[in-house]
Amino acid sequence: MARLSTPPHLLTTTLGKAMRWAQTRSMWPATFGLACCAIEMMAAGTAHHDLARFGMEVFRASPRQADLMIVAGRVSQKMAPVLRQVYDQMADPKWVISMGACASTGGMFNNYALVQGVDQVVPVDVYVPGCPPGPQSLIHGILTLQDKVMSGELAR
């Protein structure tokens with residue numbers, strides 16, 4: 001009696017799920033480091049924390065090559081239009097992480113010169129708390145964003 005070979009393993013999914021999986025595994029961040037949180041953001045890309053394992057080897061300097069903006073630090077009123085312009089030039093779909101207390105709420109700087117939350121300028125998908133939040137917190141925020149994208153919660 002001849003033994004039939006087992007059929008090859010077959011993977012099926014929907015096109016939407018495959019696209020969301022690809023988007024989460026290849027997010028390219030645009031750096032928008034404005035204060036002390038930027039140092040922690042840079043540390044997240046070093047070998048010790050290794051953002052490369054999440055598909056984010058290179059921080060993009062050009063907004064046209066990025067789909068994730070990490071706003072790290074306080075945003076001044078003069079910087080707000082520049083931040084919005086960079087966001088508008090980013091490729092769709094695009095996401096924003098607000099990193100630190102200053103970017104999220106203005107922090108301890110409650111005055112006329114600073115924006116009291118970057119969500120007044122661009123839509124924010126994930127807030128990373130802390131002053132300054134460490135690289136581990138930023139990585140947790142990135143993983144949270146990836147989970148939201150995979151679940152379809154952030155479909156725009």
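Tutor: A disulfide is a pair of cysteine sulfur atoms within 2.5 Å, and we apply that cut-off here to a predicted model.

Student: OK, how many disulfides does the count come to by this rule?

Tutor: By that rule the count comes to 0 disulfides.

Student: Why is there no bond for Cys102?

Tutor: The closest cysteine sulfur to that of Cys102 belongs to Cys131 and lies 5.4 Å away, which is too far for a bond.

Student: And are those two buried or exposed?

Tutor: Cys102 counts as buried, at 9% relative accessibility, whereas Cys131 has a relative accessible area of 54% and is exposed.

Student: Switching to the strands, what does strand 2 pair with?

Tutor: Strand 2, residues 68-72, is joined by 5 bridges to strand 1, residues 29-33, and the two run parallel; another 5 bridges join strand 2 to strand 3, residues 95-99, again in parallel.

Student: Which residues stand opposite each other?

Tutor: Between strands 1 and 2, Gly33 has Ala72 as its bridge partner and Phe32 stands opposite Val71, while on the way to strand 3 Met69 has Val96 as its bridge partner.

Student: What about the handedness of the crossovers?

Tutor: The β-α-β crossover from strand 1 through helix 2, residues 37-44, to strand 2 is left-handed, whereas strand 2, helix 3 (residues 80-89) and strand 3 make a right-handed unit.

Student: Why is strand 2 largely enclosed?

Tutor: It is largely enclosed by the rest of the structure because 5 of its 5 residues are buried: Leu68, Ile70 and Ala72 on one side, and Met69 and Val71 on the other, so both faces are covered.

Terms used:
Residues numbered from 1 in each chain as written. Predicted model: local features only at pLDDT ≥ 70, side-chain atom pairs only at ≥ 80, totals over all residues. Heavy atoms only, no water. Pairing = 2+ DSSP bridges. Helix = DSSP H or I, 4+ residues; strand = E, 2+ residues; numbered from the N terminus. Right-handed = clockwise from strand over helix to strand, strands pointing away. Buried < 20%, exposed > 50% of the residue type's maximum accessible area, 1.4 Å probe, protein only.
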